[in-house]
Amino acid sequence: MAQGSVQVTHTSSSRWRRRTGEYETLSEALSAAADGDVLAIAPGTYRENLVVQRQVTLRGDAALGSVRVAPPDGVALTVRGDAVIEGLQLEGQDSSAPALLVEEGAPRFSDVRVVTNSAAGIEVRSGAAPVLLRCTVDNPGGTGISFSGGATGRAEECEVLAAGQSGITVRGGAHPRLERCRVHHTVGAGLSVTGEGSGVDALGCEFYEIKGTGVQVTSRGTGVLADCTVHRTTADGITLDTDAELTLDGCEIHDIPENAVDLRSRSQLTLGRTTVRRFGRNGLSVWDPGTRVVADQCELHDSTGDYPAVWVSDGAQAVLESCRVHDVPDALFVLDRGSRAEVTASDISQVRNTAVSVSDGGAVELADCRIREAATGAWFRDHGSGGRLDNCTVDAVQTGVIVTKGADPTVENCTITSPAEAGVYVSAQGRGTFTDCRVTESSGYGFHVIDGCRSTLTRCRTERCTRGGFEFDRSEGAGSAGGPVFSECTSDESAEAVTAVPAARGGEDRARLPAQQTDTAAVPATAAATEVPHVRPSQEVLGELDLLVGLESVKREVRTLTDMIRVGRQREAAGLKAASARRHLVFTGSPGTGKTTVARLYGEILASLGVLGSGHMVEVSRVDLVGEHIGSTAIRTQEVFDRARGGVLFIDEAYALAPEDAGRDFGREAIDTLVKLMEDHRDEVVVIVAGYTSEMERFLTTNPGVASRFSRTITFGDYSPEELLRIVEQQAGEHEYTLAKPTRKALLRHFAALPKGPAFGNGRTARQTFESMVERHAGRVAQVASPSTDELTLLHPEDLPVLS
């Protein structure tokens with residue numbers, strides 16, 4: 001057979017008649033061929049525009065060489081019937097025409113390669129339903145494969161190597177099926193579906209190296225993608241716009257510089273078992289009223305930008321069920337009135353900023369969720385923002401729940417464990433209803449409500465909170481009209497607990513809740529912490545100080561200060577000059593060494609000597625002084641200082657106001673404001689700053705006026721094992737337990753073996769050891785049928801906690 005000729009095998013109804021022919025051109029062969037004939041095409045280049053209208057087979061044999069159909073212009077191959085095309089290479093140069101046009105029938109194409117620079121590599125239209133098997137398209141001049149005009153069909157194991165526009169387009173009511181196809185190096189979208197009635201079913205496909213959007217569905221288009229991958233785009237991974245509908249099942253979307261998935265204008269997205277990772281903006285971005293996304297068993301993680309993983313705004317809705325969101329700057333941000341997110345049985349973790357943020361009237365519903373390792377668990381930011389948290393756990397965060405600026409969420413049956421600053425923090429007219437909630441192991445307060453915010457707390461519980469279980473700050477003229485309302489709340493912080501009672505004047509109430517005690521009615525509470533009900537004589541307060549375990553050098557320092565102030569007053573009364581008393585103090589030492597207790601007693605002593613008006617103590621930390629924006633820090637610091645007038649302002653971990661890498665940190669503004677206020681109101685407030693020794697030394701150098709204001713430092717040393725034993729003995733006596741003789745020796749060995757690093761708890765360590773002993777004792781005695789009084793009260797060495 002000559003190069004450039006074709007052989008046609010004719011068939012007829014007569015089984016014994018077979019004849020073949022050879023033709024110089026494909027057009028001649030097609031004219032002679034009948035239905036069922038096979039055109040075996042010799043290798044070569046055919047400069048023809050072919051039109052196939054019969055049920056014939058065009059076959060090229062790659063083993064012999066390529067068969068190129070490459071006309072100078074127009075469509076290289078047009079198919080209008082149920083033909084079979086195998087092993088051809090089609091080439092087109094017409095920017096207004098496709099290289100392969102399928103107009104009618106259900107032809108079958110296998111191993112066809114389209115190498116062209118035309119409007120489309122393959123165009124399927126007019127209800128045609130082709131089957132494309134292992135076909136490739138390389139078309140830097142236009143679209144890879146185009147389906148339109150009601151076309152259907154299937155593309156299996158096909159590849160778009162390059163496209164100057166979209167890789168695959170579906171429009172005009174077309175609805176093809178794509179199986180295990182690859183689309184890459186396109187200038188437009190990898191897959192584009194647009195128009196009512198247009199849709200696509202894609203299984204096991206991959207879209208990557210896209211200069212644009214990976215998958216785009218618009219204008220009432222629909223799609224189902226199963227086990228597909230979209231990655232390495234320059235724009236969004238997947239976009240839906242204007243009533244589009246898309247379902248993703250078992251898909252992966254990753255390495256996207258913009259939004260991994262973006263929905264707008266009433267679009268609907270359903271995701272199941274889909275992973276979204278390494279995205280530069282939002283993992284899910286949901287906009288506009290009527291737009292909705294439902295995600296089930298999905299995972300979003302490893303953001304590469306500074307944006308929330310899930311963004312819901314402008315009245316859109318998002319539903320997340322059994323999902324995981326982790327390693328992101330922010331997990332969920334719901335913005336604008338009408339915007340809503342429902343999150344159920346999901347896990348949010350390793351969030352650099354806020355796990356759940358609600359702003360500008362948005363709302364969230366979280367049920368049975370776990371939030372852990374975040375700066376803030378949930379932040380309801382402003383008026384109209386709210387929703388519900390039900391049966392959720394928040395663990396290892398800076399602050400569990402923040403409510404500010406008129407926001408009003410409902411939080412029920414939630415547990416917040418180990419927050420670094422506060423379990424719940426409410427300020428700036430925030431509200432919130434908290435029912436059956438529990439805060440444990442807080443390094444700050446359990447519930448901290450300031451600015452007279454009218455939160456409602458019912459049956460809430462705090463346990464082992466370093467600075468106190470419940471802290472409700474003073475609000476001028478609040479009374480029954482302002483401040484938090486609590487009912488049946490309890491705390492295990494018995495050392496400083498004061499029952500909330502009506503104030504005698506000014507509409508102010510005292511606010512520490514009693515340990516292990518419930519209030520029978522809701523009581524508004526808005527006063528500063530630990531305000532004393534009356535001024536005790538200084539000798540009585542000093543007697544209480546002497547009863548504290550250890551702290552001998554501290555007691556001497558306080559007595560020296562007291563003596564100087566008392567003698568100074570006597571000298572003034574005698575008309576003599578009094579020595580200047582250095583009343584502002586620095587307390588240094590490890591946590592749990594009694595700094596807060598001594599500060600409270602010091603305030604009472606100064607009040608009994610007439611130096612301070614009331615002697616009450618206001619305890620704050622960085623979060624109470626530093627605002628969120630420029631100018632707000634000075635206002636907040638002034639408010640805190642005003643609440644402390646007549647008493648002691650105790651600033652715990654004061655060094656946090658001046659971090660080593662502060663930059664433009666607003667903590668410096670708080671220090672500057674505080675120094676000026678101490679000078680302007682030197683006789684109205686005593687300020688005590690506290691923290692670790694080395695950190696406080698650095699703090700004193702942050703402002704020229706700081707060191708001059710705090711000229712006396714009192715160091716609180718760590719308790720010795722013997723002193724820790726005495727604290728345990730006191731705890732045991734208060735709770736009607738007795739230490740067996742061997743237990744004392746065992747406790748000494750236990751405390752001596754404890755590591756004394758920065759996290760060593762001192763007084764808290766003793767208390768926690770006692771609590772652990774009581775728990776282990778209960779587990780042991782519970783096995784005894786009828787325990788004796790000794791068995792119920794004696795603590796033995798085996799009750800000690802085991803060192804890890």
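In which sense, left-handed or right-handed, does helix 10 pass helix 11? The first legend answers this for the predicted model.

**View 1. Helix 10 crosses helix 11.** The crossing is right-handed. Helix 10 covers residues 721-734, and helix 11 covers residues 741-753. Their axes come within 9 Å and cross at roughly 125 degrees. That angle makes helix 10 oblique to helix 11.

**View 2. Side chains and backbone meet where helix 10 touches helix 11.** From helix 10, the contacting residues are P721, E722, L724, L725, V728 and E729. From helix 11, they are R744, L747, L748, F751 and A752.

**View 3. Cysteines C181, C205 and C228.** Searching the whole structure turns up zero disulfides. C181 is in no disulfide, and its nearest cysteine sulfur, that of C205, lies 4.6 Å away. For C228 the closest cysteine sulfur also belongs to C205, at 4.7 Å. No bond is assigned there because that distance is too far; the cut-off is 2.5 Å. C181 counts as buried because its relative accessibility is 4%. C228 is buried too, at 2% relative accessibility.

**View 4. R467 sits in a loop between two strands.** Strand 55 (461-463) precedes this loop, and strand 56 (468-472) follows it. The side chain of R467 makes a polar contact with the side chain of Y445, at 3.4 Å. Is R467 buried or exposed? R467 counts as buried, because its relative accessibility is 5%; the limit for that class is under 20%.

Technical notes: Residues numbered from 1 in each chain as written. Predicted model: local features only at pLDDT ≥ 70, side-chain atom pairs only at ≥ 80, totals over all residues. Heavy atoms only, no water. Helix = DSSP H or I, 4+ residues; strand = E, 2+ residues; numbered from the N terminus. Buried < 20%, exposed > 50% of the residue type's maximum accessible area, 1.4 Å probe, protein only. Polar contact = N/O pair within 3.5 Å; in protein donor to acceptor, adjacent residues only side chain to side chain. Axes fitted to C-alpha atoms, helices over the stretch in contact; angles between N-to-C directions. Parallel < 35°, antiparallel > 145°, perpendicular 65-115°, else oblique. Left-handed = near helix turned anticlockwise from the far one by under 90°. Contact = heavy atoms within 4.5 Å.
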